[in-house]
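This report describes a single protein chain for a reader concerned with its geometry and side-chain interactions. It moves from local backbone features to charged pairs, helix packing and overall dimensions.

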Amino acid sequence: MTRFNEIYDRACERKGGESNLRLLLAEPRKVSTLRTLCDDLWLEEFTRKIFQSGFYWSVVNAKWDGFREVFWDFSVDKLLYMSPEMYEQRAQDERIIRNYKKVQSIAINCHMIYELQQAHGSFSELVANWPSDDIINLWLLLKKQGNRLGGNTGPFALRALGKDTFLLTKDVEAYLRANDIIDGGLQSLKSLKAAQQHFNELQNHSGFSMTALSQLIAFSVGDNAIQST
C-alpha cells in the first residue's frame with residue numbers, strides 16, 4: 001500500500017491536486033458492455049493501431065474514412081472472401097495509406113478473429129471474459145495468432161475499445177526499471193510476468209483498474225507534469 005500511496009501522491013502533486021487527477025483517469029468498459037461490441041470494431045481498431053505505428057496519428061485519422069470505404073467498414077464476414085489479389089490492388093488505393101505489408105495484416109487479423117469466434121462465440125466474448133490479472137497472455141495470444149499486434153500495438157487497441165489493461169509506455173517502463181521490477185528486455189516473458197505481478201499487487205492494494213493504475217504511474221513520472229505559473 002505504501003508504494004501505491006507514493007505513486008498516487010506524486011501523481012496528485014504533478015497534476016495540480018486530486019480533483020484534477022481524477023478527471024484525467026479513464027475507466028475501462030464493463031464486461032457486459034464489451035461483450036456487446038461488434039467484432040468488426042476489433043479488426044478496425046487493430047488496423048488503425050498498426051497503421052498509427054510509424055505514421056503520424058493525424059495522417060492516419062485523416063485517411064480513416066477512406067480505409068473504411070476500401071475495406072467494407074472492416075466487416076469480418078465480407079473480408080474473409082477478399083482474395084490476396086484484391087488486397088494487393090486495394091493497397092494501391094489513394095484513399096488509404098499505401099503500405100502493402102500493413103494492408104496484408106488486415107487479412108491475417110480478420111482470419112484470426114474468425115477462428116477465435118468459432119471457439120468462443122465471438123471475439124468480443126473472448127476479450128470481455130479474459131481476466132485483467134492475466135492480461136499479458138491476451139497480449140501474447142494476439143501477437144502469436146495475429147499479425148503486427150506485438151509490442152504495444154495489441155495492448156493499445158485493447159485499451160482503445162475499453163478492455164482493462166495496463167500499457168508498457170516509456171513512462172511506465174521507466175518506473176518499472178527504476179523500482180527494479182524489470183531489468184531485461186521489456187517484451188521478454190520474464191519482464192511481462194514481473195510487470196503483471198506488480199500491477200496485480202497494486203490493484204489488490206488500491207482497488208483501481210489496470211487502466212487507471214497505468215495512467216497513475218505515467219502521471220507520477222516523466223515529462224507530463226503541469227507547469228506552475
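Arg 148 counts as partly exposed, because its relative accessibility is 41% and the partly exposed class runs from 20% to 50%. The model is a predicted one. Arg 148 sits in the loop that connects α10 and α11. Its phi angle is near 60 degrees, a positive value in a residue that is not glycine.

The loop between α10 (135-145) and α11 (153-160) also holds Gly 151. Gly 151 is partly exposed, with a relative accessibility of 31%. Between the C-alpha atoms of Gly 151 and Ser 188 the distance is 10 Å, and the two residues are 37 apart along the chain.

A positive phi value occurs at Asp 73 as well, where the angle is near 55 degrees and the residue is again other than glycine. Asp 73 belongs to the loop between α5 and α6 (76-79). With a relative accessible area of 41%, Asp 73 is partly exposed.

**Charged pairs**

Side chains of opposite charge can pair when their charged atoms come close. Eleven salt bridges are present in the structure. Three of them are tabulated here with the closest distance from N to O.

| Salt bridge | Closest N to O distance |
|---|---|
| Arg 95 and Glu 69 | 3.4 Å |
| Arg 95 and Asp 93 | 2.8 Å |
| Glu 173 and Arg 177 | 2.9 Å |

What does the salt bridge between Arg 95 and Glu 69 tie together? Arg 95 lies in the loop between α7 (84-90) and α8 (100-120), whereas Glu 69 lies in helix α5 (residues 57-70), so the pair links parts that are 26 residues apart in sequence. Arg 95 is partly exposed, at 41% relative accessibility. Arg 95 also has Asp 93 as a salt-bridge partner.

The pair formed by Glu 173 and Arg 177 lies within one helix, α12 (residues 170-178). The two residues are separated by about one helical turn, because they are four residues apart in that helix. An α-helix has 3.6 residues a turn, so residues three or four places apart point the same way. Arg 177 is partly exposed, with 30% relative accessibility.

Salt bridges with shared partners connect Glu 44, Glu 45, Arg 48, Lys 49, Arg 68 and Asp 73 in one network. Asp 73, described above for its positive phi, is thus named both as a backbone feature and as a network member.

**Two buried charged residues in α4**

Are the network members Glu 45 and Lys 49 buried or exposed? Glu 45 is buried, since its relative accessible area is 8% and the cut-off for burial is under 20%. Lys 49 is buried too, with a relative accessible area of 11%. Glu 45 is located in helix α4 (residues 39-52), and Lys 49 is found in α4 as well.

Which residues does Glu 45 contact once its neighbours within four places in sequence are set aside? The contacts of Glu 45 are then Ala 157, Ala 160 and Leu 161. With residues up to four places away likewise not counted, Lys 49 touches Thr 153, Phe 156, Ala 157 and Ala 160. The C-alpha atom of Lys 49 is 23 Å from that of Ser 191, which is 142 residues away along the chain.

**Packing of α10**

Helix α10 contributes Ile 135, Ile 136, Leu 138, Trp 139, Leu 141 and Leu 142 as buried residues. Against which helices do the buried residues of α10 pack? They pack against α4, α8, α9 (123-129), α11 and α13 (189-206).

**The chain as a whole**

The protein chain contains 14 helices and zero strands. Its radius of gyration is 19 Å, close to the 17 Å that the globule rule gives for 229 residues, so the chain is as compact as a globular protein of that length. The C-alpha trace spans about 55 × 45 × 35 Å along its principal axes.

Of the 229 residues, 48% are buried. Among contacts between residues at least 6 apart in sequence, 66% join residues at least 24 apart. The accessible surface amounts to about 11,700 Å², and carbon and sulfur atoms account for 49% of that area.

The chain carries 27 positive and 28 negative side chains. The centres of these two sets lie 2 Å apart.

Definitions and conventions
Residues numbered from 1 in each chain as written. Predicted model: local features only at pLDDT ≥ 70, side-chain atom pairs only at ≥ 80, totals over all residues. Heavy atoms only, no water. Rg over C-alpha atoms; globule rule 2.2 N^0.38 Å. Buried < 20%, exposed > 50% of the residue type's maximum accessible area, 1.4 Å probe, protein only. Contact = heavy atoms within 4.5 Å. Areas by Shrake-Rupley, 256 points an atom, 1.4 Å probe, with all protein chains shown as cover. Lys, Arg positive; Asp, Glu negative; His and termini not counted. Charge placed at Lys NZ, Arg CZ, Asp CG, Glu CD. Salt bridge = Lys/Arg side-chain N within 4 Å of Asp/Glu carboxyl O.
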